[in-house]
Amino acid sequence: MINQEHNILLDSLREFIAQKNIAQVSRLLKDLHAADIAEVLDDLDFEEALFVIRLLDSDITADILAELDDDLQEKILENLSAKEIAEEIEELETDDAADIIADLPDDKKEEVISHIDDKEHAKDIVELLRYDEDTAGGLMGKEYIEVNENWNVLRSVAEMRKQAEELNQVHTIYVVDNDGILEGRLSLKKLLTTPTKTPIKDVYNSNIHYVKVNDSADEVARVMQKYDLFVIPVIDEMGRLVGQITIDDVVDYIKEEAEKDYQMAAGISDDVEADDSIAELIKARLPWLIVALLGGFVSVTVLSSFGDAMNAYGTLFFFTPLIAATAGNVGVQSSAIVVQGLANGTLTGSIWKRLLKEITLSLINGIILAVILMLIGKFLLSNIIVGFDAKMAITVAISLISVIIIASLIGTFVPIFLDKKGIDPAVATGPFITTSNDIFGIFIFFTIAKIILGF
């Protein structure tokens, strides 16, 4: 929905909601997709959004709830009774239903589940709630079509019709044995073009990719990306088919993780939105700002220890920001590439080979930047900065090369180390890398200056 249409709809809705004109509100929303309605509700006042949710039928409001911003969804659920939530849940597929119930307080979870009339649906939701949300079990849904390898085509079609009555969409047909073990998949074309008395075991395809319930969501995303899958089956520890994951659930997960990593890289510790309260924003940002402040104090301490150098060669002062900024930028570049490789599974091979490659790359980049600096120094800086001579230029150039190499090694090693320790490597791309490289950069710069300039 384009912005102009969105704003016009918002104005009309607010007017009719204020008038309690139920007919007009229903008319405005009746042809909209649930995702579009959710987008509109996010921009309404809470009381207005709650009015709309209570106005519409459960078959549409259930889908709207699943699409809502987490904060608004939580507020709305707090204002609905357990019975009202259960009515919404019954209209949702099990994976979406489990996601909503998982965020409820424990006592309300039990109450909502007890109000679900479809006990098979409730049982499936309870099973999904057992799994961590960032695993295949946490992403999967229980809606799928399966046929037994010992059935013939005629019986399979009959059984599929029964199963399909409960599904919104049929993505693929899975084949299992008598114990529910996943054996393969069945082509719909094959099913339609094969004689009705033919056993399924003679026509199904045993070549099938799958994931296990406890596999990480990252692994699920990697497998689906690698094999260009729209849907993937999930098996338990015994190889039994227990669910399937569709691409929309994986896309939602990847989007959420990308937002978390971006915020972490920017120095924001919690998942926040621009319209969150000031208290929530302070809680998310302040910890990293304190880390940066402490790092700044360390930088001041390092600088103060080279006070004699600053007194003897005041020209060094002008190049301190250049060295620190270069170190921070190189570190963030290196760590960003490593974090990306760890996330998509493309970072393979020995860590020592990776570090050697970074040293070579940094040495080449450092030499090129040092040459540029020397040329600028010769034709421009020597006329602007007093005391900038050939010896000073060599000092800055060697420092620049050294700092780039060290910063790239830190930016490469730290994310790999954190990943090995089971810590999210995205934390390495934020203020931690930048601040640490600032400190190392300044220390290296003045150490080399002390050696070359002899103070």
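Let's start with the contacts across the chain. Of those in the protein chain with a separation of 6 or more, 67% join residues 24 or more positions apart. Keep in mind that this is a predicted model. The protein chain has 455 residues, and 44% of them count as buried. It holds 21 helices and six strands.

Now to one helix pair. Look at H7, residues 82-89, and H9, residues 106-114. Their axes come within 8 Å. They cross at roughly 60°. Oblique covers angles that are neither roughly parallel, roughly antiparallel nor roughly perpendicular, and the last of these starts at 65 degrees. H7 and H9 are therefore oblique to each other. As for handedness, H7 passes H9 in a right-handed crossing.

Which residues make the contact? On H7, they are Ala82, Ile85, Ala86 and Ile89. On H9, they are Lys108, Glu111 and Val112. By class, the contact of H7 with H9 has five nonpolar residues, two charged and no polar.

Next, H10. This helix runs over residues 119-128. Its start first. There, a side-chain oxygen of Asp118 reaches to within 3.2 Å of the backbone nitrogen of Glu120.

Then burial. Within H10, the residues His121, Ala122, Asp124, Ile125, Glu127 and Leu128 are buried. What covers them? The cover includes four helices we can name: H7, H8 (94-102), H9 and H11 (136-139). Strand S6, residues 241-246, is also included. So H7 and H9 come back here: the pair that crosses at roughly 60° is also part of the cover over the buried residues of H10.

Technical notes:
Residues are numbered from 1 along each chain as its sequence is written. This is a predicted model: local features need pLDDT of at least 70, side-chain atom pairs count only at pLDDT 80 or more; totals for chains, interfaces and linings use all residues. Side-chain values use heavy atoms; hydrogens and water are left out. Axes are lines fitted to C-alpha atoms, for helices over the stretch in contact, and angles run from 0 to 180 degrees between N-to-C directions. Helices (H or I, at least four residues) and strands (E, at least two) are DSSP runs, numbered from the N terminus. Angles under 35 degrees count as roughly parallel, over 145 as roughly antiparallel, 65 to 115 as roughly perpendicular and the rest as oblique. A crossing is left-handed if the near helix is turned anticlockwise from the far one by less than a right angle, and right-handed if clockwise. Contact means heavy atoms within 4.5 Å. Ala, Val, Leu, Ile, Met, Phe, Trp, Tyr, Cys and Pro count as nonpolar, Asp, Glu, Lys and Arg as charged, and the others, Gly among them, as polar. Buried means under 20% relative accessible area, exposed over 50%, partly exposed in between (1.4 Å probe, protein chains only). A polar contact is a pair of N or O atoms within 3.5 Å; within protein, one must be able to donate a hydrogen and the other to accept it, and residues adjacent in sequence count only if both atoms are side-chain atoms.
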